[in-house]
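Colleague: I have a structure open on my screen and would like to understand the words used to describe it. Could you take me through the reasoning behind them?

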Amino acid sequence: MTASFRLSLDQLWAIIVKDWRAELRARQVWVSMGFFALLALVVFNFAFDLRVENKASVGPGALWVAFLFASVLGLGRTVGAELDHGSMDRLLLCPVDRQVIYLAKLLGNLVFILIVQVVAIPIFAVIYDVPVLTPGIIPIVALGTLGIAAVGALFAAVSAQTHAREVLAPLLTFPLVIPVIIAAVKATEALVQPVANDAPWLGLLAAFAIIYVSVGALTFQYVVED
Amino acid sequence: MKTLDQQPNTTTANATAQAQRARWLLYGEIALGIGALILMPIAIWAALAYAPTDAVQGDVQRIIYVHVPLAILPYVAFFVVFVASILYLWRNDERWDMLAHASAEVGVVFTTLMLIVGMLWGQGFWGRPWDWADPRLTTTFILWLIYISYLLLRFYTGNSERGARMAAVLGIAGFIDVPIVHFSVTWWRSIHPDTNYLVDNGSSALPPAATFALLVSFVAFTLLYVLLTVQVYHSLTLRRAALRLRAEAEDVTSES
């Protein structure tokens, strides 16, 4: 481990811890994010009138749409609001790589979204009566959320600097993450109702996450700098 | 820095260079316009009269001569956006930014037309305008959504330099998504037993007259794409020049 890499890790950790502390003390985005995900699940239950015969195919879709909406909502509040308040400008003045700032924002938010999901998935499994509480759900949720957050964090930073603000973030994020939604829903469906010769959905989720974390890390500087 | 010199400003040397470039743009537009004007009627004639009527599909197959060029050119247009966006972030030259903007606008128009024409064909041949089981159709539709959001971002950021950089980031991220979207929508339906396998409308078995019609139409639409992109680019340069002049005029009046 070289010294500069070690320094980057220290900086990453310092920014993440700062964000968590701020989040735990003040805004409590994760509480509204979690409540939003729960509300979305309830709304979908009535919108699609889930019954025994269709719950395996509709349930995973409802779960992932709820996660997508909640993630974009949460990222808009944390990354976007930070640009609004000017605290990002001060962070940019520090001698820290832009890649490190992006990764710190991404990982810090990822942990909050994952906490929301750890609460939401058991609730989903119980109220939808869908058996998703198996170890197989862990890589799907982790990789799917990483992909959504990688794109979401980048374009939350973009939309916060326009006239449209939070309206624009989902408009930019949703079309790009459609592959994640397809792959995550299909992989979750396969947990409920195993499919023979299924497509390599986990591989697609992993590839998407790797590609967009890289794209985000490389281009974040052009979005936030003057 | 070299990149700073390339930023056009209003010194006289640059102004002459700009006037020279504008003249070349105009010549290019005239040449492309004449070419498209000649080829487009030939393409229409070849598609409607010269090419034989399809044995299976009937006359509705003639839509293909318009549909295929309109389906291929957006991918070219969005590839231009991708490359121009990378070059803009790398060289910081606003001409790349304007090229990306122009190509995206024309690409979205072509994609819109392709979707409409494709739905007409679907209504005529499948009996319904849309089929989510066709991965090409679905991929292109998602592509259309991505570049609509690109134009929305352009609209919301105006002419700022930061807005141009953010659009470039989306232009790069959007094009990288194309193969991933294609894989996901292909796999999405192919595992279902009720998959609707479509008749391949590829050109391998086409008679010579049909190949000719397709080729002429492709060249005509390619000229149209280049012409429209150059024109949008030209109008963007004029708009920026006007904004600069206005800013200068305001400077002068505030000084005096």
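**How the labels are earned**

Modeller: Gladly. Let us start with Thr16(B), which sits in helix α2 (residues 12-50) of chain B. Please keep in mind that this is a predicted model.

Colleague: What makes Thr16(B) count as exposed or buried?

Modeller: We count C-beta neighbours inside 10 Å, and Thr16(B) has 10. A residue is exposed if that count is 12 or fewer, so Thr16(B) counts as exposed. For a sense of distance along the chain, Thr16(B) and Leu26(B) are 10 residues apart, and their C-alpha atoms are separated by 15 Å.

Colleague: And what does chain B look like overall?

Modeller: Chain B has seven helices and zero strands, so its elements read α-α-α-α-α-α-α from the N terminus on. Of its 256 residues, 37% count as buried. Among its contacts between residues at least 6 apart in sequence, 78% join residues at least 24 apart.

Colleague: Let me try another residue of chain B. Why is Asn92(B) called partly exposed?

Modeller: Asn92(B) has 19 C-beta neighbours inside 10 Å. Buried needs 20 or more and exposed needs 12 or fewer, so with 19 neighbours Asn92(B) counts as partly exposed. This residue lies in the loop between α3 (64-91) and α4 of chain B. Its phi is near 55°, a positive value in a residue other than glycine.

Colleague: Which residue of chain A has a positive phi although it is not a glycine?

Modeller: Asp129(A) does, with a phi of about 55°. Asp129(A) is in the loop between α5 and α6 (137-159) of chain A, and it follows α5(A).

Colleague: How do you know whether Asp129(A) is exposed or buried?

Modeller: By the same kind of count. Asp129(A) has 11 other C-beta atoms within 10 Å, and the limit for exposed is 12 or fewer, so Asp129(A) is exposed.

Colleague: What about the helix just before it? How far does helix α5 of chain A reach, and what span is expected?

Modeller: Helix α5 (residues 98-127) of chain A has 30 residues and reaches 43 Å from its first C-alpha to its last. At 1.5 Å a residue, 44 Å is expected, and the span is close to that.

**Pairs of helices**

Colleague: What makes α2(A) and α3(A) roughly parallel or roughly antiparallel to each other?

Modeller: Helix α2 (residues 29-48) and helix α3 (residues 55-85) of chain A pack at an angle of about 150°, with their axes 9 Å apart. Angles over 145 degrees count as roughly antiparallel, and that is therefore the term for α2(A) and α3(A). Their crossing is right-handed. The contact includes Trp30(A), Phe36(A) and Phe44(A) of α2(A), and Phe67(A), Leu73(A) and Arg77(A) of α3(A). By class, it has 17 nonpolar, two polar and one charged residues.

Colleague: Now for chain B. Why is α4(B) called oblique to α7(B)?

Modeller: Helix α4 (residues 94-125) and helix α7 (residues 208-255) of chain B pack at an angle of about 135°, with their axes 8 Å apart. Roughly perpendicular covers 65 to 115 degrees and roughly antiparallel begins over 145, so the angle fits neither class and α4(B) is oblique to α7(B). The crossing of this pair is right-handed. Among the residues that meet are His101(B), Glu105(B) and Phe110(B) in α4(B), and Tyr225(B), Tyr233(B) and Leu236(B) in α7(B). The contact divides into 10 nonpolar, four polar and one charged.

Colleague: Which way does α8(A) cross α9(A), left-handed or right-handed?

Modeller: α8(A) passes α9(A) in a left-handed crossing. Their axes come within 9 Å and cross at roughly 150°. Residues including Pro179(A) and Lys186(A) in α8(A) meet residues including Trp201(A) and Phe208(A) in α9(A). This contact has 10 nonpolar, no polar and one charged residues.

**Where the chains touch**

Colleague: How many residues of chain A are in contact with chain B?

Modeller: 27 residues of chain A are in contact with 28 residues of chain B. On the chain A side, α7 (168-176), α8 (178-192) and α9 (201-224) each supply at least two residues. α9(A) gives the most, with seven residues. By class, this side of chain A has 19 nonpolar, five polar and three charged residues.

Definitions and conventions
Residues are numbered from 1 along each chain as its sequence is written. Chains are lettered from A and ligands numbered from 1 in the order in which they are written. This is a predicted model: local features need pLDDT of at least 70, side-chain atom pairs count only at pLDDT 80 or more; totals for chains, interfaces and linings use all residues. Two residues are in contact if their C-beta atoms, placed from the backbone, lie within 7 Å. Helices (H or I, at least four residues) and strands (E, at least two) are DSSP runs, numbered from the N terminus. Ala, Val, Leu, Ile, Met, Phe, Trp, Tyr, Cys and Pro count as nonpolar, Asp, Glu, Lys and Arg as charged, and the others, Gly among them, as polar. Axes are lines fitted to C-alpha atoms, for helices over the stretch in contact, and angles run from 0 to 180 degrees between N-to-C directions. Angles under 35 degrees count as roughly parallel, over 145 as roughly antiparallel, 65 to 115 as roughly perpendicular and the rest as oblique. A crossing is left-handed if the near helix is turned anticlockwise from the far one by less than a right angle, and right-handed if clockwise. The expected span of a helix is 1.5 Å times one less than its number of residues.
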